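Please look through the structure shown below, moving from a single side chain to the chain as a whole.

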Amino acid sequence: MSLTVRPIVGCRAKITALGAYVPPQVLTNQDLEKMVDTNNEWIVSRTGIRERHVLAKGLGVSDMCVEAVKKCLAARGIEASELEVIIIGTVTPDMMFPSTACLVQNKLGAKGAWGFDVSAGCSGFMFALQAGVKLVESGAHKMVLVCGADANTRMTDYTDRTTCVLFGDGCGAVLIEPAAEGEIGFIDFKNEIDGSGGPALNMPAGGSLHPATHETVDKKMHFIHQDGAAVYKFAVRKMAEISAEVLERNGITGADLGCFIPHQANQRIISSTVDRLGMDPARVIINIGKYGNTSAGSIPLAMETAVEEGKLKKGDLVLMAAVGAGFTVGVTLLRWEI
Ligand SMILES: CC(C)(COP(=O)(O)OP(=O)(O)OC[C@H]1O[C@@H](n2cnc3c(N)ncnc32)[C@H](O)[C@@H]1OP(=O)(O)O)[C@@H](O)C(=O)NCCC(=O)NCCS
């Protein structure tokens, strides 16, 4: 035997393409007024949400991912067969197994790729992103696809006014590749989990603890259960705290950012974070009015909004921050190189 040990190499990583997708069907606050005891004024003033998109019956999250990925591949001018890894952040997979990554790989014809799903609630894209970044930085791969996608309306109880007004469906995808000479790309990140927050936001049944039974259906255990106030408190504190930590340890302040892309859960959570970090509100991306909370789809959808609004430009320092079920927190700092 003659073992050849491959050298360990490393490089910087960057985002090279972006694609996002929402299904065409729209559910407005006025539609919800007819379904449950709520009103447009309450929803807008408490959350900033005006409408959200709903995935059509018969389709799964993998179908949304395929649409976003096609846009992403077209933007980069490459074929699915060139993908080496597919990582999907989602808590609403088509099914328990196989993974959404496998379903998407097959639908795209990304032969030879490997991949996996990441479950981190609304921080799903952020956690998946760092897994992808590290695979490129380590030198293991050169073409990694990271997707954040959720079909939240599939697990929403439309008789519960405290949750059904909040959530929508959507997704986005980015390509991660090695940065070129002189480019910076990904700079820093800080992710955290705090499982003590589990009871505040979960879908109790459908897993190994409470597999689906008539009883779990009757007790509405396959829907989102949320203690809104507890989630709100955690999100307001943590989003600002960890964002500030990442800025500080990189020697910058909110004023140095070209763009801040926060998870779109509640406009009041975003405003509070922006105030605490002393950022220019004009540089903050807010699209919650159009999409509601799309969980793992939220940050890449907001990245698309940022590009469309001309707020994400080559060379900009960008901070992205999410808080979600778990609890989970994810903050990433990068320089936009497209
Ligand atoms: C859910 C949330 C919007 C509720 O806002 P809030 O200002 O805390 O409102 P409260 O829960 O205190 O409810 C205030 C009143 O509005 C009522 N209410 C709740 N939902 C309502 C709705 N959709 N329409 C009308 N009234 C509603 C409540 O019943 C309550 O009435 P009461 O005072 O008579 O009891 C807020 O807690 C939140 O955004 N939490 C975080 C959720 C989140 O981000 N989740 C995802 C994390 S990634």
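Is C11 buried, partly exposed or exposed? In this predicted model, C11 is partly exposed, its relative accessible area being 31%. C11 takes part in no disulfide, and the nearest cysteine sulfur, which belongs to C72, lies 18 Å away. C65 offers another case, since it counts as buried at 0% relative accessibility. The nearest cysteine sulfur to that of C65 is the one of C147, at 3.7 Å, and because a disulfide requires two cysteine sulfur atoms within 2.5 Å, C65 is in no disulfide either. For the structure as a whole, the number of disulfides is zero.

Turning to the fold, the chain is built from 11 helices and 13 strands. Its radius of gyration is 19 Å, close to the 20 Å that the globule rule gives for 338 residues, so the chain is as compact as a globular protein of that length. Measured out along the principal axes, the C-alpha trace spans about 65 × 50 × 35 Å. Of the contacts between residues at least 6 apart in sequence, 76% join residues that are at least 24 apart.

The interior and the surface can be described in turn. Buried residues account for 54% of the 338 residues in the chain, while the accessible surface comes to about 14,800 Å², with 55% of that area belonging to carbon and sulfur atoms. As for charge, the chain carries 32 positive and 37 negative charges, and the mean positions of these two sets are 1 Å apart.

Definitions and conventions
Residues are numbered from 1 along each chain as its sequence is written. This is a predicted model: local features need pLDDT of at least 70, side-chain atom pairs count only at pLDDT 80 or more; totals for chains, interfaces and linings use all residues. Side-chain values use heavy atoms; hydrogens and water are left out. Helices (H or I, at least four residues) and strands (E, at least two) are DSSP runs, numbered from the N terminus. The radius of gyration is taken over C-alpha atoms; the globule rule is 2.2 Å times the number of residues to the power 0.38. Buried means under 20% relative accessible area, exposed over 50%, partly exposed in between (1.4 Å probe, protein chains only). Contact means heavy atoms within 4.5 Å. Accessible areas come from the Shrake-Rupley method with a 1.4 Å probe; for residues, only the protein chains shown count as cover. Lys and Arg count as positive and Asp and Glu as negative; His and the chain ends are not counted. The place of a charge is taken as NZ of Lys, CZ of Arg, CG of Asp or CD of Glu.
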